[in-house]
Amino acid sequence: MSSFAFGTYRVTDLNPLHIEALKEALYSGIKLIDTSSNYTDGGAERAIAKALNSIEDEYREVEIVSKFGYIQGTNMMLHKENPFEEVVEYSPECYHSISPSFMQDQLGRSLERLELNKIDCYLLHNPEYFLYDAIKKGIQREEILEQMYQRIYKVFVALEKEVQNGSIGSYGISSNSFSKANDAEDFLPYEDLITLAKNAAIEAGSEQHSFTTIQLPINLLEQEGLKCATWAKENGLRVLVNRPLNAFQDSLMFRLADYDEPLDYYHNLNELLEVCDTEVLKPLFNLIEQMDENKHKYGWIGDYDLFVNSQIIPHIKKTIENLDKAVLETLLAYIERFLVSYRDMVAHECSKATRVQLKSVLKDCEKKLQECAFEFLQSQDSIDYILVGMRKPSYVAEVLALKE
């Protein structure tokens with residue numbers, strides 16, 4: 001049966017709850033933590049260091065997997081000051097590189113943030129960005145694949161040397177494209193990766209290659225990646241699965257989890273509406289009413305999270321910016337309680353809609369949706385670890401209870 005591992009996407013060292021969740025996972029026997037140099041701009045790696053440094057040695061026996069490839073945030077500033085090599089410009093806020101020099105730069109920074117001398121496994125993070133760039137430029141797939149392989153081969157050689165130096169234990173690739181159909185234009189062929197690794201080991205002077213791991217999305221709705229996972233196991237590789245609960249189907253995102261209706265929602269809603277029922281706060285009153293009317297219209301909870309930060313919060317700030325300080329402090333407490341329960345209500349409404357939209361897929365799912373999703377993955381012989389973003393101690397307990 002597959003084991004659960006701690007995924008640190010959106011984990012940050014600035015949130016004490018995330019640190020506590022990591023510690024709880026380690027105390028509970030989690031044996032692998034997955035992270036990346038770009039997760040919260042290095043904050044995830046710093047959070048892991050804080051958690052490891054605050055627990056007893058007997059609980060520190062955990063494998064750390066990290067990744068490199070993205071140029072965002074701090075890396076983007078560094079790139080503008082002293083450009084990295086072989087950079088693909090995906091968008092104004094997101095560049096990408098898997099050059100050996102960039103790998104070495106990122107490895108050093110990750111080791112420093114993690115406060116470690118060695119990362120157990122180091123992965124190329126979505127190298128298919130090179131393919132995305134070619135697609136955007138109208139270059140034929142056949143023309144670019146050979147260059148893609150050459151880039152991977154060069155960094156494989158450099159990674160073999162890092163294994164020799166003791167900076168990493170092994171290496172691999174994390175790719176969303178492993179889960180695509182083999183006729184998709186951004187599919188990353190994987191059958192030749194073992195050969196590339198063997199040749200890289202020979203060039204680096206290693207007796208055998210240290211390519212050990214692949215990571216890819218697989219879930220109840222996206223099962224194409226099982227073909228890649230089966231190939232990996234047949235070739236002695238380890239398989240880590242991400243996005244077990246966030247699934248795409250027909251260009252739509254679904255959260256494969258059931259959420260209970262928050263018992264305090266209508267109390268918090270009516271309380272805030274009563275406070276805002278004045279001429280000065282009429283715009284806020286109208287906004288809250290509109291939010292309540294539209295709580296069932298979000299496709300998935302991620303849509304709301306984007307909308308609240310880009311639209312709702314700025315609107316609220318503008319509405320209350322000129323209020324008296326004493327009035328503002330009281331009002332903010334009401335607003336905070338409402339927004340917390342509103343998000344819970346949106347999640348509940350989304351989970352109800354998901355049950356309806358995916359009725360044919362979920363016909364045999366009589367348990368909580370997340371339990372069915374995890375049980376499906378746990379039953380796959382080709383999967384070694386299921387990466388779950390457990391950002392609260394209570395979520396750690398909930399997830400780990402499923403393995404018993």
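Me: Which residue in β9 does S174 stand opposite?
Reply: This is a predicted model, where local features need pLDDT of at least 70, side-chain atom pairs count only at pLDDT 80 or more, and totals for chains, interfaces and linings use all residues. Residues are numbered from 1 along each chain as its sequence is written, and side-chain values use heavy atoms, leaving out hydrogens and water. Strand β8 (residues 168–174) and β9 pair in the parallel sense over four bridges; strands are DSSP runs of E with at least two residues, helices are runs of H or I with at least four, both numbered from the N terminus, and pairing takes at least two DSSP bridges between two strands. Opposite S174, in β9, stands Q215.

Me: What is the bridge partner of P217 in β10?
Reply: β9 also pairs with strand β10 (residues 238–242), in the parallel sense and over five bridges. In β10, P217 has as its bridge partner N242.

Me: Which helix joins β9 and β10 in a right-handed β-α-β unit?
Reply: A crossover is right-handed if, with the strands pointing away from the viewer, the path from the first strand over the helix to the second runs clockwise. β8 and β9 make such a unit with helix α7 (residues 193–204). With β9 and β10, the helix in the right-handed unit is α8.

Me: How many residues of strand β9 are buried?
Reply: Buried means under 20% relative accessible area, exposed over 50%, and partly exposed in between, using a 1.4 Å probe and protein chains only. Strand β9 (residues 211–217) is largely enclosed by the rest of the structure, because its buried residues number six of the seven.

Me: Are the rings of F4 and F374 edge-to-face or stacked?
Reply: Rings of Phe, Tyr and Trp (its six-membered ring) pair if their centres lie within 6.5 Å; planes under 30 degrees apart are stacked, over 60 edge-to-face, and the rest tilted. The structure holds 22 aromatic pairs. With centres 5.2 Å apart and planes at 80°, the pair of F4 and F374 is therefore edge-to-face.

Me: How far apart in sequence are the parts that F4 and F374 tie together?
Reply: Both F4 and F374 are buried. F4 lies in strand β1 (residues 3–7) and F374 in helix α13 (residues 369–378), so the distance in sequence between the parts is 370 residues.

Me: Which residues does Y334 touch, not counting those up to four places away in sequence?
Reply: Y334 lies in helix α12 (residues 325–357) and is partly exposed, at 22% relative accessible area. Contact means heavy atoms within 4.5 Å. Beyond four places in sequence, Y334 touches E271, L272 and V275.
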